[in-house]
Amino acid sequence: PTMSSTLILTVYILTFTIGFPANIFTLAVLVSKSRRRPAAPTTHRPPWTSTALTTAELLLLNLTVADLLLLVFLP
């Protein structure tokens, strides 16, 4: 292999070995946080939203899932 393909492979391996465990940890923390806190009873909450995540936590959860999918499907 050429130098550039070795460099790309090294970057992919580093990205996966650092990113995958970090995102799994973040996902586990967010899921446990959503199960630990009961949802606040409001009349404006749709029935399918039973999690107690804040907006920022929900956005972080979506980012974590998207990042995991990117890591799993790296070329």
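This section walks through the two helices of a predicted model and the contacts that link them.

The record is a handy place to start. The unreviewed UniProt entry lists residues 6-31 and 52-74 under "transmembrane region". Over residues 6-31 the predicted chain is 100% helix and 0% strand, and the end C-alpha atoms sit 37 Å apart. Over residues 52-74 the helix content comes to 78%, again with 0% strand, and here the end C-alpha atoms are separated by 32 Å. In the model itself, helix 1 covers residues 3-36, while helix 2 runs over 55-72.

Helix 2 passes a quick check on its length. With 18 residues at 1.5 Å a residue, helix 2 should span 26 Å, and its end C-alpha atoms are indeed 26 Å apart, so the two values agree. As for how helix 2 is covered, its buried residues are Glu57, Leu61, Thr64, Leu68 and Leu71. Viewed down the helix axis, these buried residues fall within an arc of 95°, so they line one face of helix 2. Over on the other side of the helix, Thr55, Ala56, Leu59, Leu63 and Leu70 are exposed. Leu58, also a helix 2 residue, is partly exposed at 42% relative accessibility.

There is also some greasy surface to report. Val65, Leu69, Val72 and Phe73 together make a nonpolar surface patch of about 400 Å². Phe73 belongs to the segment after helix 2. With a relative accessible area of 65%, Phe73 counts as exposed, because the cut-off for that label is over 50%.

What about charged contacts? The salt-bridge count comes to one. In that salt bridge, the side chains of Glu57 and Lys33 meet at 3.0 Å, N to O. The pair ties together distant parts of the chain, with Glu57 in helix 2 and Lys33 in helix 1, 24 residues apart. The two partners differ in how they are covered: Glu57 has 11% relative accessibility and counts as buried, because that falls under the 20% cut-off, whereas Lys33 is partly exposed at 26%. Glu57 is thus one of the buried residues of helix 2, and those residues line one face of the helix.

Lys33 turns up again in the backbone distances. Its C-alpha atom lies 7.6 Å from that of Leu53, and the two residues are 20 apart in sequence. Further pairs that are distant in sequence can be picked out in the model. Leu58 pairs with Leu30, the C-alpha atoms being separated by 8.5 Å with their positions 28 residues apart along the chain. Thr26 pairs with Thr64, at 7.1 Å from C-alpha to C-alpha and 38 residues apart in sequence. Thr26 is found in helix 1 and is partly exposed, with a relative accessible area of 23%. Its partner Thr64, by contrast, is among the buried residues of helix 2.

Put together, the contacts between the helices include the salt bridge from Glu57 to Lys33, which joins helix 2 to helix 1, and the C-alpha approach of Thr26 to Thr64 at 7.1 Å. Glu57 and Thr64 are both listed with the buried residues of helix 2, while the exposed residues on the other side include Leu59 and Leu63.

Notes:
Residues numbered from 1 in each chain as written. Predicted model: local features only at pLDDT ≥ 70, side-chain atom pairs only at ≥ 80, totals over all residues. Heavy atoms only, no water. UniProt positions renumbered as here; feature names shortened; annotations may be inferred. Helix = DSSP H or I, 4+ residues; strand = E, 2+ residues; numbered from the N terminus. Patch = residues over 30% accessible without salt bridge, like charges linked within 9 Å, V, L, I, M, F, W, Y side chains within 5 Å. Areas by Shrake-Rupley, 256 points an atom, 1.4 Å probe, with all protein chains shown as cover. Salt bridge = Lys/Arg side-chain N within 4 Å of Asp/Glu carboxyl O. Buried < 20%, exposed > 50% of the residue type's maximum accessible area, 1.4 Å probe, protein only. Expected span 1.5 Å × (residues − 1). Arc of directions from axis to C-beta.
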